[in-house]
Amino acid sequence: MAIAVSAHGRPAAWYECLNLCPKPAERAALMTTSAAGELLRRPGDPRAAFLELFFDLVFVLALARLSQALLDHLTWSGAYQTLVLLLALWWVWSRTSGVTDRFDPQRPSIQLLVIASMLGTLVMAAAVPEAFGERGLVFAGAYVAILIGQALYFKIALRGHEAQRAFVRLLFWSGISAVPWIAGALAHDTARVALWTLAVAVDYTATALLLPTPGFGRMRAAELAILGEHLAERYRQFFIIALGELILVTGLALSRSGFEADRSAAAVVSFAAIVLLWRIYIYRAGQLLAAALTAARDPLRVGLLAVYAHVVMVAGIVVTAVGEEVVIAHPLVHTQPSWVAVILGGPALFLAGRALFEYLVFGRVSRDRTIGLLVLAAAAPAMLLVPPLVAALAATAVLAGIAVADAARARGRPPEAPSPPG
């Protein structure tokens, strides 16, 4: 049956209903709901927009700053501080990607919101080296402004629409976590670490529990629909951005160190590791995430698990970047324990996140992922006796073994359908 459409693109019956509504409050509610609905992304448009790719560019700087901060403070406390900063930056990316997954990036208001978030992320990235020093308030202030600003905008813009409830919850929990973020920025040393740990825990735990909020309960999938194909594409794009940071670090380290044979060999090994990380990520699970989200009984839960799996993999890439810089700068000297931790620990973190990712898509984990993690752990003591270049070769060999096992397992087998948990 044909539906009459006005010049503005709405069904003519919409205007008739609006004119027939006897109460002003009903007319206002109808107008508000329609205006809010126009912000929603169309289900038939799953492709990522140029706006989203533009937003991702700021994370090249953010990841580079994180790896440099870890390199400058290569201790357990420095690693923990870097982790806290990474979790904050990743949360900004996840929340902003959720915005463009749900809402139309062609709308000027959405574009302004994303660009404002990008500016805030740029400020956070610039503050990373001194976030636990003199620029704590800059980092925390930008973080809080991004999350509260996004939630507040949608609470207002979605007035009268069911999706507003999700952003009321986000606003509530962003306000809760803002307290330890700002308090930590005003504190120093251990107190700041403790308060920011609490803040990160609030953000991640509340979301894992589906944002239970007084008067609203927990989030339901209907309130915040997920476009599986779009979200999967966004994860792949961010992973490529993260690998781009690895290439940047490798190239800059080689440029600074020179092109002697040992350093050139270290750069080749580092590049091989980057290629293998890409191959292992994209193989099967990386290709089938969209189908897994679509097939899941609870796509919202699966989407949240994807957030946590990817942050572990991104952490592995940040650590790997530090390891590659160490190997290129000092390929044949005596290996320090902290160097072994980053050279082997980066790939190990990546494999751990990739195993969680595989479980998310297929409901099980391939044995070669577990074997790779065990080999890296078992090899760590022996790597203290060999130069960093040999340790990097060992880590790359483990990644190569997993990639070969993936290829052998796929040969002659039909495509595997996703069978995600939940």
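This passage describes the confidence of a predicted model and the pocket and cavities found in it. Residues are numbered from 1 along each chain as its sequence is written. In this predicted model, local features need pLDDT of at least 70, side-chain atom pairs count only at pLDDT 80 or more, totals for chains, interfaces and linings use all residues, and side-chain values use heavy atoms, without hydrogens and water.

The chain has a mean pLDDT (the predictor's confidence in each residue, from 0 to 100) of 86, with 85% of its residues at 70 or more. Over residues 1–32, pLDDT stays under 50.

Empty space was mapped on a 1 Å grid over the protein atoms alone; a cavity is a set of points where a 1.4 Å probe fits but cannot get out, a pocket is an open set with protein on both sides within 12 Å along at least five of seven lines, and lining residues have an atom within 4 Å of a point. Grid points are joined across faces, edges and corners, and a volume is the space filled by probe spheres set on the points.

The largest pocket holds about 510 Å³. Its lining comprises 21 residues, with Leu-70, Trp-76, Ala-79, Val-319 and Leu-349 closest to the centre.

The structure contains 4 cavities of 30 Å³ or more. The second largest cavity has a volume of about 110 Å³. Lining this second largest cavity are 14 residues, and Thr-320, Glu-324, Ile-343, Ala-392 and Ala-395 lie nearest its centre.

Notes: Contact = heavy atoms within 4.5 Å.
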